[in-house]
Amino acid sequence: MTEHGRTPVTVLGLGAMGTALVEALLAAGHPVTAWNRTPGRAEGVAAKGASVVSTVSEALAANKIVIACLLDYDSVHEVLDPVAAGLEGRQLINLTNGTPGQAREMSAWAGQLGAEYLDGGIMAVPPMIGTPAAFIFYSGSGSVLGHARSALDTFGGVKYLGVDPGLAPLHDIALLSGMYGNFMGVIQAFALVGSAGVKAREFAPLLRDWLAAMGGFLDRAAEQIDDGDYVTGVVSNIAMQAGAYPNLLKAAEEQGISAELLTPLQPLMDKRVAAGHGAEDLIGVIELLKK
């Protein structure tokens with residue numbers, strides 16, 4: 001740490017997210033060394049106090065804590081492989097979006113080079129960094145988390161999931177899956193009413209209130225999954241829903257709207273019913289997703 005207790009940090013990558021991370025660190029008084037493949041992008045953070053270096057080797061040598069925020073895991077390897085020896089003794093925090101398998105592979109790779117590894121999944125867009133609305137999943141080395149905690153706290157909430165480096169990206173992808181599934185339904189809903197000339201602004205409050213009313217599904221579904229009981233207390237069983245679901249597809253066809261965002265669920269429901277689970281709740285289709 002510096003004499004003022006502000007942990008110095010190196011940041012690799014100054015895209016929109018990397019720049020937001022650097023700005024949050026600087027605002028909290030952390031000394032920052034920054035590197036970017038395209039030097040021109042570093043001018044903004046340099047003006048705010050970051051020490052900008054021209055090579056990755058210089059960036060690694062500057063500080064023990066190294067945060068990578070690049071396009072993907074391949075990009076992290078492209079940047080670090082040529083200077084891999086410089087990772088010895090470093091604490092690498094990878095805030096690049098990826099998969100659980102990629103995180104575990106990178107952790108093993110870093111360990112072989114004498115570096116400690118912490119993976120992270122950022123649950124925010126750049127403008128949210130440094131605000132209470134942002135949080136980041138972390139998994140991997142607990143000692144890295146402890147050493148870098150004051151710096152990581154500047155980005156948003158810290159949610160540590162354990163020593164398995166794959167858990168952070170797993171939770172990240174899981175939340176994004178839920179988000180995109182929700183987006184798919186919202187897009188379909190707007191397309192349907194729009195086909196009849198209904199303005200999206202007019203329909204949005206109805207859709208928002210309806211989705212809020214359905215929010216209880218999450219807690220109920222979690223109980224059913226953990227208990228392995230998809231039958232008790234069911235109000236609308238999957239046999240009924242599977243029978244009515246084709247109307248969603250047919251209505252889209254009648255309105256001249258593609259139903260391709262919705263079609264994948266129908267065969268899963270039909271398959272579950274055919275297997276004798278018609279009395280279950282819809283959440284029972286989760287069993288068909290397990291390989």
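These legends walk through an overview and five close-ups of a predicted model. Local features need pLDDT of at least 70 and side-chain atom pairs count only at pLDDT 80 or more, while totals for chains, interfaces and linings use all residues. Residues are numbered from 1 along each chain as its sequence is written, and side-chain values use heavy atoms, with hydrogens and water left out.

**Overview. The whole chain, with 12 helices and eight strands.** Helices (H or I, at least four residues) and strands (E, at least two) are DSSP runs, numbered from the N terminus. The C-alpha trace spans about 65 × 45 × 35 Å along its principal axes. Of the 291 residues, 40% count as buried; here buried means under 20% relative accessible area, exposed means over 50%, and partly exposed is in between (1.4 Å probe, protein chains only). The chain exposes about 15,000 Å², and carbon and sulfur atoms supply 59% of that. Those areas come from the Shrake-Rupley method with a 1.4 Å probe; for residues, only the protein chains shown count as cover. As for contacts (heavy atoms within 4.5 Å), take the ones with a separation of 6 or more: residues 24 or more positions apart account for 63% of them.

**Close-up 1. Leu 12 and its neighbours in space.** Leu 12 sits in strand 1 (residues 9–12). It counts as buried because its relative accessibility is 0%. Leaving aside residues up to four places away in sequence, Leu 12 touches Trp 35, Ala 59, Val 66, Ile 67, Ala 68, Cys 69, Leu 70, Val 79 and Leu 80. Asn 36 is 24 residues from Leu 12 in sequence, yet the two are 6.2 Å apart in space, C-alpha to C-alpha.

**Close-up 2. Glu 280 and Arg 272, a buried salt bridge.** A salt bridge here is a side-chain nitrogen of Lys or Arg within 4 Å of a carboxyl oxygen of Asp or Glu, and by that rule the count comes to five. In this one, the closest N and O atoms are 2.9 Å apart. Both Glu 280 and Arg 272 are buried.

**Close-up 3. Two salt bridges with some exposure, Arg 149 with Asp 153 and Lys 290 with Glu 287.** For Arg 149 and Asp 153, the closest N and O atoms are 2.8 Å apart. Arg 149 is partly exposed, at 36% relative accessible area, and Asp 153 is partly exposed too, at 39%. For Lys 290 and Glu 287, the closest N and O atoms are 3.1 Å apart. Lys 290 counts as exposed because its relative accessibility is 52%, whereas Glu 287, at 29%, counts as partly exposed.

**Close-up 4. A surface patch of negative charge, made of Asp 74, Glu 78, Asp 81 and Glu 105.** Patches are made of residues with over 30% relative accessible area and no salt bridge; like charges are joined within 9 Å, and nonpolar side chains (Val, Leu, Ile, Met, Phe, Trp, Tyr) within 5 Å. Glu 78 belongs to helix 4 (residues 73–80) and, at 52% relative accessibility, counts as exposed. Chain-wide, there are 18 positive and 29 negative side chains, with the centres of the two sets 3 Å apart. Lys and Arg count as positive and Asp and Glu as negative, with His and the chain ends not counted; each charge is placed at NZ of Lys, CZ of Arg, CG of Asp or CD of Glu.

**Close-up 5. A nonpolar surface patch of Tyr 180, Phe 183, Met 184, Ile 187 and Leu 261.** Together these residues have about 450 Å² of accessible area. Leu 261 lies in the loop between helix 11 (246–254) and helix 12 (265–277). At 31% relative accessibility, Leu 261 counts as partly exposed.
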